[in-house]
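Work through the exercises below with the sequence and the structure at hand. Each task is followed by a solution in steps.

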Amino acid sequence: MPRGAQQPVRQRESEPPIEGLDRSAAAVSYVLHIERAVKRFGQATALDGVDFGVAGGERVAIVGRSGSGKTTLLRCLNLLETPTSGTLSYEGRVVGSWGGPSPRTPSRRELSQHRIHVGMVFQRFELFPHLTALGNVMLGLRRSLGYSKHEARERAMEQLALVGLAERARAHPHELSGGQQQRVAIARSLAMEPKVMLFDEPTSALDPELVDEVLAVILKLAERGMTMVAVTHELAFARDVATRMVVVDSGEIVEQGPPGDIIHSPASPVTHSLLRRLRLT
Amino acid sequence: MAYVMRQILVGVPVTLLLAVLAWILCGLLALPITGLVRSRLLPLRVLGDLITMFVRGVPELVALFVVFFGLQQYVSLSPLDAAIIAFGIVEAPFASEIYRASLTTVQRGQRDAADSIGLNRLQGFVHVVLPQAVRFAIPPMINLFIGMLNLSSVAAAIGVNDVIQRANFLMSASTGGLRFLATTGGICIIYLVMVAPVSYVSRLIERRMRRDLFGARAPRRLWQRSIVIRGSGAA
């Protein structure tokens, strides 16, 4: 898979349906690809037929109003949320397909495996409060990847060093600042060596003065060529770091393309009003 | 007074034994009930709710009589055995409610986080949910134990030779008002002495737990003013 493959196009035509395991060229070029994703919560429709893929080395910023479905889209990508219908593929292979002609539900094992490939960082960190920073990072290594205690500790310390928190390894989450907690959460996710990292508003629960230290860590990952998808309200960061910006509204992608272009000349009125609001805050 | 106290104190080990064993039994019986109540299958959930509702509605004394006089016809039970079984069963739904509530205090996001690092359901439960839920369950479970200590006094009704039974003997054997006062006073002191350390330990554990999970301090009781928790290195 080519690193930094050029990303399509604004207002991409929706692709022809892919049947079962049949792979179209488009599906193969993406690391992670969700097609015709629909997610309903009872009566409410959070996603209304979204096609979204991310290529290796790409950095996608997803923006949208609250309740637009951006977080749901992210959660469907690592199957924390099961789509009502749609097909999810990873590296050209169908992980799961729902509500279509050839449904496929991933096994528990495949589900775990997929989530190891696709890491996630949460808005509210979600560190395990009963474990130290080191324990948080070690848990997945030990239980999901089967590392020995010694190996896990070593690898976890490397990850904590990467986010600049090696000396806080023994601290419990409540002893850390919000920014430090989020960096530990990134280290925890990173330790699993994911191919794609998902960030769900990683800085929006932080005090303003703590935002930069988290963004700096994300930037570091970007420089290492990590493929990532981030739901964010940080316009400047999206402009500087993202290779593509995707605007979501009412469960649909209304516009996408290079962040600079979208920020300077939004095509959709939805984007226009969203950008105005984000600049004000 | 000294004579009275010596007489009553003989009952203390029995009271403690009864309370501890009944408490353990109720804690164990509560596990399957919690499993039922939290089951995904509606019929099992309904069954769990029915058991909770029914057993919770049985007065302790009635349960004691049912077990002692009812089961007695099939197996031979000492009054102490009967009391342990009866109290263990009657209190089980309360323990189950404690477990259930403790499990729900662990927020959805914690499960998501466990999922997101590839843990399966069992691993997520064992390594993420349970360790947190247990910390929440400890203070109310200790509370339940104190309730059990007090409840154990009812067992005298079927002749368990506990503190109350000893006191009963003393009071019925005497006629003097002073002896009566000494005996009832003695009982109060003994229960206080049994309960106070348990309450105290419970507060310590609760504070530790809150510190571990949130870094927050539990409110102190007046009589704990002088207590300093060691090693609280919160930044």
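**Exercise 1. The last helix of chain B**

List the buried residues of α9(B), and state which helices they pack against.

Solution. Step 1: in this predicted model, the buried residues of α9(B) are B:Ala182, B:Thr183, B:Gly186, B:Ile187, B:Ile190, B:Arg207 and B:Arg211. Step 2: consider their spacing. An α-helix has 3.6 residues a turn, so residues three or four places apart point the same way. Step 3: look for the partners. The buried residues of α9(B) pack against three helices of chain B, namely α1 (2-9), α2 (12-37) and α8 (163-173).

Next, compare the span of α9(B) with the expected value.

Solution. The helix has 38 residues. From its first C-alpha to its last it reaches 54 Å, close to the 56 Å expected at 1.5 Å a residue.

**Exercise 2. Chain B as a whole**

Describe the secondary structure of chain B, and say how much of the chain is buried.

Solution. Step 1: chain B has nine helices and zero strands. Step 2: along the sequence this gives the pattern α-α-α-α-α-α-α-α-α. Step 3: 35% of its 235 residues count as buried. Step 4: take the contacts in chain B between residues at least 6 apart in sequence; 70% of them join residues at least 24 apart.

**Exercise 3. The contact between the chains**

How many residues does each chain bring to the contact, and which helices of chain B take part?

Solution. Step 1: chain B gives 22 residues and chain A gives 24 residues. Step 2: on the side of chain B that touches chain A, α6 (108-116), α7 (121-151) and α9 (177-214) each supply at least two residues. Step 3: by class, this side of chain B has nine nonpolar, nine polar and four charged residues. Step 4: for the complex, the predictor gives an ipTM of 0.85 and a pTM of 0.81.

**Exercise 4. The six-stranded sheet of chain A**

Write down the strand order of the six-stranded sheet in chain A and find its edges.

Solution. Step 1: the sheet is open, with mixed pairing, and its order is β6-β7-β8-β3-β9-β10. Step 2: β6 (118-121) and β10 (252-257) of chain A are the edge strands, each pairing on one side only. Step 3: on average, neighbouring strands of this sheet are turned by 20 degrees against each other, direction ignored.

Now follow the parallel pairs within this sheet.

Solution. Step 1: β7 (residues 196-200) and β8 (residues 227-231) of chain A pair in the parallel sense over five bridges; A:Asp200 has A:Val231 in β8(A) as its bridge partner. Step 2: β3(A) and β8(A) run parallel, joined by four bridges, and A:Arg59 is matched with A:Met228 in β8(A). Step 3: β3(A) also pairs with β9(A) in the parallel sense, over five bridges; here A:Ile62 has A:Val246 as its bridge partner.

Is β3(A) enclosed or open, and why?

Solution. Step 1: six of the six residues of β3(A) are buried, so the strand is largely enclosed by the rest of the structure. Step 2: check each face. A:Arg59, A:Ala61 and A:Val63 are buried on one side, and A:Val60, A:Ile62 and A:Gly64 on the other. Step 3: helix α2 (residues 70-77) of chain A lies across β3 (59-64), β6, β7, β8 and β9 (244-249) of that chain, at about 150 degrees to β8(A).

**Exercise 5. The four-stranded sheet of chain A**

Give the order of the four-stranded sheet and explain what sets its edge strands apart.

Solution. Step 1: this open sheet has the order β2-β1-β4-β5 with antiparallel pairing. Step 2: β2 (44-54) and β5 of chain A each have a single partner strand, so one side of each is left without a neighbour in the sheet. Step 3: β1 (residues 32-41) of chain A pairs with β2(A) over eight bridges, and A:His33 stands opposite A:Gly53. Step 4: β4(A) and β5(A) form a hairpin with two residues between them. In its turn, A:Glu91 has a positive phi of about 50 degrees.

**Exercise 6. Confidence**

Where does the pLDDT of each chain stay below 50?

Solution. Step 1: the mean pLDDT is 84 for chain B and 88 for chain A. Step 2: the pLDDT is below 50 over residues 217-235 of chain B and under 50 over residues 1-28 of chain A. Step 3: where pLDDT is low, the predicted coordinates should not be read in detail.

Note on methods
Residues are numbered from 1 along each chain as its sequence is written. Chains are lettered from A and ligands numbered from 1 in the order in which they are written. This is a predicted model: local features need pLDDT of at least 70, side-chain atom pairs count only at pLDDT 80 or more; totals for chains, interfaces and linings use all residues. Two residues are in contact if their C-beta atoms, placed from the backbone, lie within 7 Å. Ala, Val, Leu, Ile, Met, Phe, Trp, Tyr, Cys and Pro count as nonpolar, Asp, Glu, Lys and Arg as charged, and the others, Gly among them, as polar. Two strands pair if DSSP finds at least two bridges between them. Axes are lines fitted to C-alpha atoms, for helices over the stretch in contact, and angles run from 0 to 180 degrees between N-to-C directions. The expected span of a helix is 1.5 Å times one less than its number of residues. A residue is buried if 20 or more other C-beta atoms lie within 10 Å of its own, exposed if 12 or fewer, and partly exposed in between; C-beta atoms are placed from the backbone. pLDDT is the predictor's confidence in each residue, from 0 to 100.
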